[in-house]
Amino acid sequence: MAAHRKPKQRSLSGHTARTAATIALAGAATATAFDGTGHADPRLGPAEVKAKVDALYREAEVATEKYNGAKEKAESAEKSLSELRDEAARKTEKLNSAREGLGSIATAQYRSGGIDPSVQLALSSDPDQYLERAALADRADSRQAATVAGVQKQLQEIDQLRTEADGTLTHLKSRQAELSKHKKTVNGKLGAAKRLLAQLTDDQRAELTGGDRASRDAGRDGAAGAPDAPAKAPNSRASAAVSYAYSALGSPYVWGATGPNAFDCSGLTQAAYRSAGVGLPRTTYAQIAAGERIPRSQLQPGDLVFFYQGISHVGLYVGNGQMIHAPNPSAPVRLAPISQMPFAGATRVA
């Protein structure tokens, strides 16, 4: 019987080997394209980096305002939940006291053999006091019935409070999930901007974020013929808000921050008016509705000025065509012309 031989494997050589190598490289390139781990983007020029970074900062700011809004709602839900739980605890304590009272009544009835009070009084050795004691017994029975009714009502109230607390807890968890989503978006956009900026030299980055020196020179706005002194605010509250904004010049931008040492754009305006005793909502899209809308031609120091179509940025107008605002992570709180961004509207809150 002939032996069965294993066929020899042919080695790849020449054209066949080159073809296989080409296919392998193409496959690797395709896989890389799909999993997003390919080679780094080609080096961009400073102008291209600036355009991409500016776009990423705007997208991050939109996500930041959504985060701020979700955080405000989450804090409100958390406060409501705490209040509901405190009220439920107080009512439960009151209920336990009422139950103890019912227990004492039940124990006394048991010890007396469960005899109806009127029968006990009829068998009393002192019939002259029968009517008086009967009246007392009626009142006792009424109090007992009222106690039972009170316990039932308290049980219903506690059950309702627990239902409301469950609903509030569900709402809180939803807001927390929303917070996490927006936080991830913000960090992703800022991380991408940071990686782009890392491609530049120190001088190029300084040029890209130019204007920091102006942010510390609060008396100048760079406009021809403009006075060195800040314009006078129309009232004490607006004046206090403007003074606060000037004191914040040079403070770092930190998304989600409301001071006193760091700010995002709406956090700065909120803190400025908080110092003046005026409460503002947390987000840009809520702040624009917090006062009287005014045209750009009627701006006065202390007015809130808003930018971009989605109302994603806000600054505090300080006169002479300028505002103080918290721009983005690449620049501190600074003085800037309102003409440098697409104007969306203005609101007067003081």
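Five salt bridges are counted in this structure, which is a predicted model. Side chains of opposite charge can pair when their charged atoms come close, and three of the pairs found here lead from one part of the fold to another.

The pair E59 and K189 forms a salt bridge in which the closest N and O atoms are 2.8 Å apart. These two residues belong to distant parts of the chain, since E59 sits in helix 2, which covers residues 46-111, while K189 sits in helix 4, which covers residues 130-197, and 130 residues separate the two positions. How buried or exposed is each partner of this bridge? E59 has a relative accessible area of 36% and is therefore partly exposed, and K189, at 25% relative accessibility, likewise counts as partly exposed.

A second bridge joins D264 to R282, with 3.0 Å between the closest N and O atoms. Here the link runs between two loops: D264 lies in the loop between helix 7 (236-247) and helix 8 (265-274), and R282 lies in the loop between helix 8 and helix 9 (284-287), the two residues being 18 positions apart. Both D264 and R282 are buried; for R282 the relative accessible area is 8%, which is under the 20% limit, so the residue counts as buried.

What else does R282 touch, once its neighbours within four places in sequence are left aside? Its contacts are E65, N68, E72, G256, A257, T258, D264, S266, G267, Q270 and Q287. The side chain of R282 also makes a polar contact with the side chain of S266, at 2.8 Å, and S266 is one of the buried residues of helix 8.

Helix 8 itself is mostly covered, with nine of its ten residues buried. The buried residues are C265, S266, G267, L268, T269, Q270, A271, A272 and Y273, and among them S266, G267 and Q270 also appear in the contact list of R282.

The loop between helix 7 and helix 8 also holds S251. At 12% relative accessibility S251 falls under the 20% limit and therefore counts as buried. Not counting residues up to four places away in sequence, S251 touches N261, F263, P332 and V333.

A third bridge is formed where the side chains of D303 and R348 meet, with an N to O distance of 2.9 Å. D303 is placed in the loop between strand 1 (292-294) and strand 2 (304-307), whereas R348 belongs to strand 6, residues 343-348, so that this pair too links distant parts of the chain, 45 residues apart. Are these partners buried or exposed? D303 has a relative accessible area of 2% and is therefore buried, and R348, with a relative accessible area of 18%, is buried as well because the limit is set at 20%.

The chain as a whole gives the setting for these details. Its secondary structure comes to nine helices and six strands, and buried residues make up 33% of its 350 residues. Of the contacts with a separation of 6 or more, 67% are between residues 24 or more positions apart. The protein chain exposes about 21300 Å², and carbon and sulfur atoms supply 53% of that area.

Definitions and conventions. Residues are numbered from 1 along each chain as its sequence is written. This is a predicted model: local features need pLDDT of at least 70, side-chain atom pairs count only at pLDDT 80 or more; totals for chains, interfaces and linings use all residues. Side-chain values use heavy atoms; hydrogens and water are left out. Helices (H or I, at least four residues) and strands (E, at least two) are DSSP runs, numbered from the N terminus. Buried means under 20% relative accessible area, exposed over 50%, partly exposed in between (1.4 Å probe, protein chains only). Contact means heavy atoms within 4.5 Å. Accessible areas come from the Shrake-Rupley method with a 1.4 Å probe; for residues, only the protein chains shown count as cover. A salt bridge is a side-chain nitrogen of Lys or Arg within 4 Å of a carboxyl oxygen of Asp or Glu. A polar contact is a pair of N or O atoms within 3.5 Å; within protein, one must be able to donate a hydrogen and the other to accept it, and residues adjacent in sequence count only if both atoms are side-chain atoms.
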